[in-house]
Amino acid sequence: MNRKLVIRADADSRMGTGHVMRCLALAQAWKDRGGSVTFLSICENEFLRNKIIDEGFTIIPFESHHPDASDLKATLDELHGNGEWLVLDGYHFSPEYQKAIKDAGFHLLVID
């Protein structure tokens with residue numbers, strides 16, 4: 001059975017590289033066990049974007065991040081079609097954001 005994992009982590013020129021790299025390692029382990037992975041990300045780092053793609057993962061670019069309301073809506077929209085688990089890696093995902101994910105019925109792993 002192909003278990004689906006969705007990862008939400010951002011990286012720009014100033015911060016976030018560690019968040020995405022940590023999640024990339026988790027994604028590789030998930031894939032090694034037969035799962036598929038989709039990254040939802042505002043990733044301005046071309047090397048990281050290419051690394052995600054080269055590893056065989058899907059990356060869906062986001063335009064704005066939480067606390068912008070479109071972030072949560074886009075995340076939930078992607079989860080409904082792509083996953084049962086969401087990994088959040090970043091300091092900007094508030095308790096309210098996390099609760100909305102759980103209330104929608106998804107499993108949640110938060111790394112901060």
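# Exercises on a five-stranded parallel sheet and its helices

Tryptophan 85 stands opposite histidine 107, a residue of strand 5. The model in which this pair is found is a predicted one, and the exercises below start from the sheet.

## Exercise 1: The sheet

Determine the order of the strands in the sheet, and state which strands stand at the edges.

*Solution.*

Step 1. The sheet is open, has five strands and is paired in the parallel sense, with the order 3-2-1-4-5.

Step 2. The edges are held by strand 3 (58–61) and strand 5 (107–111). Each of these has a single partner strand, so one side of each is left without a neighbour in the sheet.

Step 3. On average, neighbouring strands of this sheet are turned by 20° against each other, direction being ignored.

Step 4. At the strand 5 edge, the parallel pairing with strand 4 (residues 85–89) consists of five bridges.

## Exercise 2: Strand 1 and its surroundings

Identify the strands that pair with strand 1, and decide whether strand 1 is enclosed or open to the outside.

*Solution.*

Step 1. Five bridges pair strand 1 with strand 2 in the parallel sense. The pairing of strand 1 with strand 4 is likewise parallel and has five bridges.

Step 2. Arginine 8 illustrates both pairings: its bridge partner in strand 2 is leucine 40, and its bridge partner in strand 4 is leucine 88.

Step 3. Of the six residues of strand 1, five are buried, so the strand is largely enclosed by the rest of the structure.

## Exercise 3: Helices on the sheet

Name the strands across which helix 3 lies, and give its angle to strand 1.

*Solution.*

Step 1. Helix 3 comprises residues 69–82 and lies across strand 1, strand 2, strand 3 and strand 4.

Step 2. The helix runs at about 165° to strand 1.

Step 3. Leucine 72 is a residue of helix 3. Apart from residues up to four places away in sequence, leucine 72 touches Tyr97, Ala100 and Ile101.

Step 4. The relative accessible area of leucine 72 is 22%, and the residue is therefore partly exposed, since buried requires a value under 20%.

## Exercise 4: Helix 1 and helix 2

Establish how the axes of helix 1 and helix 2 are oriented, and list the residues that make the contact.

*Solution.*

Step 1. The two axes come within 11 Å and cross at roughly 10°.

Step 2. Angles under 35 degrees count as roughly parallel, and helix 1 and helix 2 are therefore roughly parallel to each other.

Step 3. Helix 1 contributes Thr17, Val20, Met21 and Leu24 to the contact, while helix 2 contributes Leu48, Lys51 and Ile52.

Step 4. Sorted by class, the contact has five nonpolar residues, one polar and one charged.

Step 5. Threonine 17, which belongs to helix 1, is partly exposed at 35% relative accessibility. Beyond its neighbours within four places in sequence, threonine 17 is in contact with Ala11, Asn45 and Leu48. Its C-alpha atom is separated by 9.9 Å from that of glutamate 44, which is 27 residues apart from threonine 17 along the chain.

## Exercise 5: The nonpolar cores

Which element supplies the largest share of the largest nonpolar core?

*Solution.*

Step 1. The largest nonpolar core has 17 residues, and those with the most contacts inside it are Ile7, Val37, Phe39, Ile52 and Phe57.

Step 2. At least two residues of this core come from each of strand 1, helix 1, strand 2 and helix 2 (46–54).

Step 3. Helix 1 gives the largest share, namely four residues.

Step 4. A second core, separate from this one, has 13 residues, including Leu40, Leu76, Tyr97 and Phe106.

Step 5. Phenylalanine 57 shows the surroundings of one residue: leaving out residues up to four places away in sequence, it touches Leu24, Ala27, Gln28, Lys31, Val37, Phe39 and Ile52.

## Exercise 6: A glycine in a loop

Is glycine 83 buried or exposed?

*Solution.*

Step 1. Glycine 83 is located in the loop between helix 3 and strand 4.

Step 2. Its relative accessibility is 16%, so glycine 83 counts as buried.

Step 3. Neighbours within four places in sequence aside, glycine 83 is in contact with Lys4, Val6, Glu78 and Phe106.

Step 4. Lysine 51 is 32 residues apart from glycine 83 in sequence, and their C-alpha atoms are 21 Å apart in space.

How values were computed: Residues are numbered from 1 along each chain as its sequence is written. This is a predicted model: local features need pLDDT of at least 70, side-chain atom pairs count only at pLDDT 80 or more; totals for chains, interfaces and linings use all residues. Side-chain values use heavy atoms; hydrogens and water are left out. Two strands pair if DSSP finds at least two bridges between them. Axes are lines fitted to C-alpha atoms, for helices over the stretch in contact, and angles run from 0 to 180 degrees between N-to-C directions. Contact means heavy atoms within 4.5 Å. A nonpolar core is a set of buried Ala, Val, Leu, Ile, Met, Phe, Trp, Tyr and Cys residues joined through side-chain atoms within 4.5 Å. Buried means under 20% relative accessible area, exposed over 50%, partly exposed in between (1.4 Å probe, protein chains only). Angles under 35 degrees count as roughly parallel, over 145 as roughly antiparallel, 65 to 115 as roughly perpendicular and the rest as oblique. Ala, Val, Leu, Ile, Met, Phe, Trp, Tyr, Cys and Pro count as nonpolar, Asp, Glu, Lys and Arg as charged, and the others, Gly among them, as polar.
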